[in-house]
Amino acid sequence: MDKNLKIVFLDRITAGPIELKERFSKYGEYIEYDDTDADQIIERISDADVIITNRIKLRKEHFDKASKLKLVLITATGFNHIDIKSGNEKGIKTANVSDYSTNSVAQLAITYLLNALTPITEYSKEVKNNKWLDITIPEYQSYPVNDAEGKILGVVGFGNIGKRVAAIAEVLGMEVMVAKIPGRNYDENKSQNIHEKRYDLDEVLEKCDILTLHTPLTELTRDLINLERMKKMKKSAAILNLARGPVINQEDLYFALKNKIIKSAAIDVTSVEPVEKDSKLFELENLIITPHIAWKSEKSLTRLMDEVENNLKMFLEGKLEGLK
C-alpha cells in the first residue's frame, strides 16, 4: 500500500461528524479543510496526489496547476461540478459513489409527500398560536388533510431512489406514473408492466397530484421543470425536488408558487447552494426548503466514506476505471 500519498479533503464540513483522519492517514499525509473558496483551490491542491471533495468545482485551470494529482474522490453521486474530460486528459481519474443514500433520500421525499397531504408544519404553527379549536372545526379549510390513497405520484428519474420512493408510495395506496425525460431514448419494446411503463412528461404533469424529482443534472434535465410545464399541472399539485436545484427553473418556481399556479413545493436543493441570504424564496409560505440534507443520515455518511475509501484502494490496486 502506498503510504506516501498526500490526500487533501477540500470541504470536510460536508462529511458530518464521522472520523476520517485515522481512516485516510493509513495511506499517507492527510490534510482536511472545513471548506475551500474558489481562490484557495490551486494553492491547496498544487502538491496533492489525491483530492477528496463533495461540491468544490474543479476545472481545467485547476488540473493544469496540480502536477502530482492522480485521483479525485467525490463524496457524492453527482459529478457535474468536475471537469472529467480535462482530468482524464491529464491522466487524473475521478470516482464517485452511487446508491449510498437511497434510503435516506427516499425517506425525506416521503416526509415531504406526507406533509403536502397532511400539513403538520402548518397545524403545529397554528396550535402554538393558540388556535387549536379554530383549526379543528369542520368549516376551517385552510389546511385540508388529504389521503395518499388514490392520489397520483409522478416520478421524474427512476433510478434506485425513484424506485424506492415509488415503492413506498404504492404501499400508501398511490398510483405511480414514471415520466419520460424529453430527448432521452427509451426502449418501447420492454415489457410494459407498471414498473417499466414510461409516460410522456406532459401527461404526467397533467395527471399527477405530486411530482417528485430524482434525476441527475444533465443538459436534458437542466430547467426541465419550467413555468410552461408547471402551468400544465393541477393547481392543487405539489412539487418535490431532491435531485439538483437547476432541474427546476428557480425563478419560474417562485412565480408559480407566488401566483398559486401550483399549490406548494418542498426542495432540498437550490440553484445556488447555500441559498442566497436574501432569496425571494423566503417570502413564500407554500414552500419548504431544507439545506441539502437528504443524503446525510448517519448510515448514509458511513456507507459513503466506506465506498470512497474503497475507490482509493481500487485505484492503488490498479482496478479503478474512473468516470469518463
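This section describes salt bridges, one helix, a loop residue and a surface patch in a predicted model.

A total of 18 salt bridges was counted in the model. Side chains of opposite charge can pair when their charged atoms come close. One such pair is formed by Glu-32 and Arg-12, with an N to O distance of 3.2 Å. Because Glu-32 belongs to strand E2 (residues 28-32) and Arg-12 to the loop between strand E1 (5-9) and helix H1 (21-25), the bridge ties together parts that are 20 residues apart in sequence. The two partners are covered to unlike extents: Glu-32 is partly exposed, at 32% relative accessibility, whereas Arg-12 is buried, at 12%.

A further salt bridge joins the side chains of Glu-309 and Arg-23 at 3.0 Å, N to O. This pair links distant parts of the chain, with Glu-309 in helix H11 (residues 298-316) and Arg-23 in helix H1, 286 residues apart. Glu-309 is buried, with a relative accessibility of 9%, and Arg-23 is likewise buried, at 15%. Both residues take part in a network of salt bridges that also includes Lys-26 and Asp-306.

Asp-202 and Lys-232 meet in a salt bridge at 3.9 Å, N to O. Since Asp-202 lies in helix H8 (residues 201-207) and Lys-232 in the loop between helix H9 (227-230) and strand E9 (238-241), this contact ties together parts 30 residues apart in sequence. Asp-202 is partly exposed, with a relative accessible area of 32%, and Lys-232 is also partly exposed, at 29%.

Helix H7 comprises twelve residues (160-171) and spans 17 Å from its first C-alpha to its last, close to the 16 Å expected at 1.5 Å a residue. Its buried residues are Gly-162, Val-165, Ala-166 and Ala-169. Viewed down the axis of H7, these residues fall within an arc of 100 degrees and therefore line one face of the helix. They pack against helix H5 (102-117) and strands E6, E7 (175-178) and E8 (210-213). Gly-173, which follows H7, has a positive phi near 95 degrees.

Asp-47 is located in the loop between helix H2 (41-45) and strand E3 (50-53) and is partly exposed, with a relative accessible area of 32%. Beyond residues up to four places away in sequence, Asp-47 touches Lys-6 and Lys-68. The C-alpha atoms of Asp-47 and Ile-7 are 9.5 Å apart, although 40 residues separate the two in sequence.

At the surface, Val-127, Trp-132 and Leu-133 make a nonpolar patch of about 350 Å². Trp-132 is placed in the loop between helix H6 (120-128) and strand E6 (152-156) and is exposed, at 57% relative accessibility.

Definitions and conventions:
Residues numbered from 1 in each chain as written. Predicted model: local features only at pLDDT ≥ 70, side-chain atom pairs only at ≥ 80, totals over all residues. Heavy atoms only, no water. Patch = residues over 30% accessible without salt bridge, like charges linked within 9 Å, V, L, I, M, F, W, Y side chains within 5 Å. Areas by Shrake-Rupley, 256 points an atom, 1.4 Å probe, with all protein chains shown as cover. Salt bridge = Lys/Arg side-chain N within 4 Å of Asp/Glu carboxyl O. Helix = DSSP H or I, 4+ residues; strand = E, 2+ residues; numbered from the N terminus. Buried < 20%, exposed > 50% of the residue type's maximum accessible area, 1.4 Å probe, protein only. Expected span 1.5 Å × (residues − 1). Arc of directions from axis to C-beta. Contact = heavy atoms within 4.5 Å.
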